[in-house]
Number of protein chains: 4
Amino acid sequence: MSPIELRSDNAAGVAPEILQAIEAANSGSALAYGGDAWSVRLQAVAAEVFEQADLTVFPVLTGTAANAIALSAMCPPWGAVLCHETAHILRSEGGATSMFGGGAVMRGLPGNNFLLEAASLEAAFASTRWGDPHHSQPAVVSLTNPTDFGTVYPLARLAELSRCAHEQGLLVHMDGARLANALVSLGCSPAALTWQAGVDVVTLGATKNGVMTADAIVCFNAEVAKTLTYRLKRAGQVASKMRFQAVQLQAYLNQGRWLTWASQANNAMQALVRGLQAQGATFVVTPQANMAFVRVTDDMADRLQAAGLLFYRTAPGVIRLVTSFQTTPVDIEETLVRWQQCL
Amino acid sequence: MSPIELRSDNAAGVAPEILQAIEAANSGSALAYGGDAWSVRLQAVAAEVFEQADLTVFPVLTGTAANAIALSAMCPPWGAVLCHETAHILRSEGGATSMFGGGAVMRGLPGNNFLLEAASLEAAFASTRWGDPHHSQPAVVSLTNPTDFGTVYPLARLAELSRCAHEQGLLVHMDGARLANALVSLGCSPAALTWQAGVDVVTLGATKNGVMTADAIVCFNAEVAKTLTYRLKRAGQVASKMRFQAVQLQAYLNQGRWLTWASQANNAMQALVRGLQAQGATFVVTPQANMAFVRVTDDMADRLQAAGLLFYRTAPGVIRLVTSFQTTPVDIEETLVRWQQCL
Amino acid sequence: MSPIELRSDNAAGVAPEILQAIEAANSGSALAYGGDAWSVRLQAVAAEVFEQADLTVFPVLTGTAANAIALSAMCPPWGAVLCHETAHILRSEGGATSMFGGGAVMRGLPGNNFLLEAASLEAAFASTRWGDPHHSQPAVVSLTNPTDFGTVYPLARLAELSRCAHEQGLLVHMDGARLANALVSLGCSPAALTWQAGVDVVTLGATKNGVMTADAIVCFNAEVAKTLTYRLKRAGQVASKMRFQAVQLQAYLNQGRWLTWASQANNAMQALVRGLQAQGATFVVTPQANMAFVRVTDDMADRLQAAGLLFYRTAPGVIRLVTSFQTTPVDIEETLVRWQQCL
Amino acid sequence: MSPIELRSDNAAGVAPEILQAIEAANSGSALAYGGDAWSVRLQAVAAEVFEQADLTVFPVLTGTAANAIALSAMCPPWGAVLCHETAHILRSEGGATSMFGGGAVMRGLPGNNFLLEAASLEAAFASTRWGDPHHSQPAVVSLTNPTDFGTVYPLARLAELSRCAHEQGLLVHMDGARLANALVSLGCSPAALTWQAGVDVVTLGATKNGVMTADAIVCFNAEVAKTLTYRLKRAGQVASKMRFQAVQLQAYLNQGRWLTWASQANNAMQALVRGLQAQGATFVVTPQANMAFVRVTDDMADRLQAAGLLFYRTAPGVIRLVTSFQTTPVDIEETLVRWQQCL
């Protein structure tokens, strides 16, 4: 019985279109460190996709680097990054934001469905001793979208949080490790989800959705962009053969591929969720992207594992299922059949 | 109507005995940076007071430096310092621990009466992905004693927390900005409150209790002590005329002065609390050292202020009162009289 | 007249064998962050190639990251990294070593032919105030091999420098951004050039020699290796789809490909040097790997440029020529012809 | 035979006027962390002494903190601080500037008489790859005045260096650990030596010249000043009872005491130098402040030590003599007598 991969979208492979683009770029010599034609062209591609001529896009090599280095350029060392208490930057990046941020701190706030709320922000602002150097000064609101729990910020919520942040002088960062999945879930444009919603800098994840080794910082704030050039180099994030990162990102954004692939992942998840619900399964929170947290007994989890389903146990009585662009309808059908047999 | 100082023990002056000691040390020349006889003698004084020959005492210039630099020597940059969610290091030191710690993070945990609990520690340990570099690794438990809310850890609780920490491989730090107030409150020896209770490093506050410009790190762990010499110098915490810090600390520890002064502060607080209770006042938590948080209406707070009482409003409906070694019985009587008149 | 690429080996493309290996690894799902079979296998490949079972190899994404993060694990924040005053880490990594090192400093030392000398090290040691925290404590000797000026450390020199460093308690780091070029130049084994010569940690460059996006830290010191796992993750250097880094490095090391490719680059340089010498050219230093610094007048440089040679002007009257694994005998012949015509 | 202190001005005691000022400030309670009347008044005193209403003065606790934290506010983490290769910040502060600076680097430049030269600056600028993130970007010129070798920058030199720095977009920092000694040596006003000469931020040393525990950052640049408030707190440099630092600095600056005391030190040195020259002694460089480096044989140094002179041997064949505000004419006479006897 062949295993079915539901552990992580990171476990998926690389889309053939990405490999083809890499091969196509492997012709002749090209200046290193972004001095090549592909890197230059990526700016135009990103500007078009995000409908914003004044952005700067910086290819980087991992999502942790994208988040932490972007935040270090947005937050002074004595500042605080406000985020949900379950944010990826807070729980799963080994303190990268505090290291690159020169000791900037992260402050986790509560919020239903793993989403920040304006009320949480306002409470945090109210409890801040503004201008008092004893107290880390809130400087950035960071939103993970979709969250690590598969929920998605509606546009209205984003706009409200951004307004709330900007009124208080904070910048807004979006951790878009799975940005395409949010776009597909909301059915909105990249512009609507980012700068039009008040986002100043977005981390554009690509590796979880078909790309091999490339993520990016998309920066809508010129002041922040100026320092990123220096910060990224000394952080070891400027690939010498950067054309191969640039071309991966271009191929990803071109022809709507990122959305196509995210749709495959999201659709697979929706089919899975419908099927599981039909079998009586319950979820920690309603899945809105490509991730579900299902309540199962330990015995059931053991049986599912024995049945060849690959997943993580994330808390007592809870397993996480993740679909990717490579998850097929057959994978979902087969998963549902095996699940049924395990009940 | 003369004001009565209840804002902070930091607002108090310097004890005459400290000034006399400074003057006495101001005779002749002496090697800088701790190469003087007073600094050498301080080791012996501390060893005797803490009944521990193997300690190392490092004079420093502020409590923030003492805490943050001690923690940087106890916690790797990828580690986490576990502390109560209201800890001074987390809320009132501007992120110093993360800066000196190279990006180490602080993780605030809940606990009744502003005290950490073994259950909180165990829950934190259980939710830690040990050995997983995505996850900041708990490396130190930091306890503020007394807490910033005037509560004190009983010895049994300390021993329990230390055992819990050590079993998991963590070190134990005590923020003793008001250590003498805890000693007096508990009626125990410095040894009992620190290394005998499993504390590896204690920040010995002195400035809040009669000293002018000197605090100290008292280190019971030889490995940690080795790196502090380097860390303190480059942090700008090694006074060139260190004899004047050393002699302040000696005068403070000698003849039980630190305990005498802390007793004055604690006794004044006890008298104040008894008097306020007699007038029907209620407290956020039972005061155990030299600090009380009293519930008052905004109007009452205004009247108290108008009556010349100096205090801080720390939350809606709550004021903080702090006594120091300079608070006199007359101050307390007068405070109670004015309070009565404001009711 | 088609341009001839002599600017940098970074400007070269990717070897077909590397792309084939990537494609071969793109089959099925695989755990992220190094939990895949390719990453596991890489350990065995490296152990065999370096004839050392006790090494640990960490794939990283850039040479700057490899150097700076390795050094941060070898040098305490209050330490100094001793290197040649022209070292890449000192002049071309934007201060990465000081950032990742928590404020560790680099100390540039003189040395003929861009190579460190034991006498320079000994002079540095003699001028160090050991144990004095006012003075950054030398903790690591870092050697670039080949140097950024195309010279190579002979084995005897390496052994002497390592002995000198170790006797004083320092560790030895080798920046092997072009390690294969040194190996080919010296005709020695990887073991002989590294741990047998006293090197504790070597940065294994691959990107300049046919690989797309992968370098590595090869660590022969178990204490250092332990902390690298944490340091690399929080530095954003742990690729989520790490199998694609691991497989690039395997393909690079397997079947002696790294040496074959470096031989192509070195041989091309030797042919170029012989040809230029025959035309009367002089060099800043005798080229020993794949790089030459040629003395030319500004007019000559202009003519060479007009003739389609691509190179950098690195100092007044000096141009740098670099060959790569893609430089062909025809490229060299053609270069020599054009050079002759420009005289 | 009583010893004569010539090791360091740090070894001197505290001037009685300073102690009296401390005692005078020890009356009643006062808000902590600079919220007291003395700290407020210090601004006015400094503004008057430096003839500049727009300065901000920050009391700190050590000279290392003053330098390193000021520089961290002047230099981005990817920047370089240019200084003389013998600068105190480079050789004697344990890398503090790189730590507080988030990995900023120091670049030592040559210059006769231990003084930076415009030609050195220009050579450094010429060798900088401006805007290239591989290369640490020069952002500050730091001048030690007097130098650690007892030489003093003439006003014309300062103006030239500042112009050179500013034209290139760099800020100018002056390490004035012994600023009063430079003022006395040059016979100029504090304004002339600092902001009128283009200095943006000066470290005002006081501890080496009669004060107990207080130095200061005097900041003429409003942008820099804004961040220092935060940087100093989290660095543990904001004394809780700051009134006692403020009052020391006031007493120091008031009534020209700092100049009187520096005159005593400088005059003592001049008398010593004249006397030694009369005995045939030679100096490494002509002493211009309160410090001399005398060439003596090892035997002679042994005899001088046996004769009760306290000094440091700073290099083979060289001893350092330092006078302070406490060095008396009798000390100098007696030193010369003993020296004569040792010849």
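Q: What makes two strands count as a pair?
A: Two strands pair if DSSP finds at least two bridges between them. In this predicted model, β9(C) and strand β12 (residues 318-322) of chain C pair in the antiparallel sense, over five bridges. As one bridge of β12(C), C:Leu321 is the partner of C:Ala292.

Q: Through what do the strands of a sheet pair?
A: In general, strands pair through backbone hydrogen bonds, in a parallel or an antiparallel sense. Here, an open sheet of three strands in chain C runs in the order β9-β12-β11, with antiparallel pairing.

Q: Why is one side of β9 and of β11 in chain C left without a neighbour in the sheet?
A: In chain C, β9 (291-295) and β11 (312-315) are the edge strands; each has a single partner strand, so one side of each has no neighbour in the sheet. As for orientation, neighbouring strands of this sheet are turned against each other by 35° on average, direction ignored.

Q: How should the interface of chain B and chain C be read, and how many residues does each chain bring to the contact?
A: One begins with the residue counts and the area. Chain B contributes 17 residues to the contact and chain C contributes 17 residues. Between them the two chains bury about 1600 Å², with 69% of it on carbon and sulfur atoms. On the chain B side, the most area is lost to chain C by B:Trp78, B:Tyr230 and B:Arg234, together 44% of what that side buries.

Q: Which polar interactions does the rule find there, and which helix of chain B gives the most residues to that side?
A: Across the interface of chain B and chain C there are six residue pairs in polar contact, both residues being at pLDDT 80 or more, and zero salt bridges. Helix α10 (residues 222-234) of chain B gives the most to the side touching chain C, with six residues. By class, that side of chain B holds six nonpolar, seven polar and four charged residues.

Q: What do the corresponding values show for chain C and chain A?
A: The contact draws 48 residues from chain C and 48 residues from chain A. The buried area is about 3700 Å², and carbon and sulfur atoms give 53% of it. C:Met212, C:Arg234 and C:Lys241 supply 19% of the area that chain C buries against chain A, more than any other three residues.

Q: How many residue pairs are in polar contact across the interface of chain C and chain A?
A: The rule finds 30 such pairs, with both residues at pLDDT 80 or more, but zero salt bridges. The side of chain C that touches chain A divides into 21 nonpolar, 17 polar and ten charged residues.

Terms used
Residues are numbered from 1 along each chain as its sequence is written. Chains are lettered from A and ligands numbered from 1 in the order in which they are written. This is a predicted model: local features need pLDDT of at least 70, side-chain atom pairs count only at pLDDT 80 or more; totals for chains, interfaces and linings use all residues. Side-chain values use heavy atoms; hydrogens and water are left out. Contact means heavy atoms within 4.5 Å. Buried area is the accessible area (1.4 Å probe) that two parts lose on being put together, summed over both. A salt bridge is a side-chain nitrogen of Lys or Arg within 4 Å of a carboxyl oxygen of Asp or Glu. A polar contact is a pair of N or O atoms within 3.5 Å; within protein, one must be able to donate a hydrogen and the other to accept it, and residues adjacent in sequence count only if both atoms are side-chain atoms. Helices (H or I, at least four residues) and strands (E, at least two) are DSSP runs, numbered from the N terminus. Ala, Val, Leu, Ile, Met, Phe, Trp, Tyr, Cys and Pro count as nonpolar, Asp, Glu, Lys and Arg as charged, and the others, Gly among them, as polar. Axes are lines fitted to C-alpha atoms, for helices over the stretch in contact, and angles run from 0 to 180 degrees between N-to-C directions.
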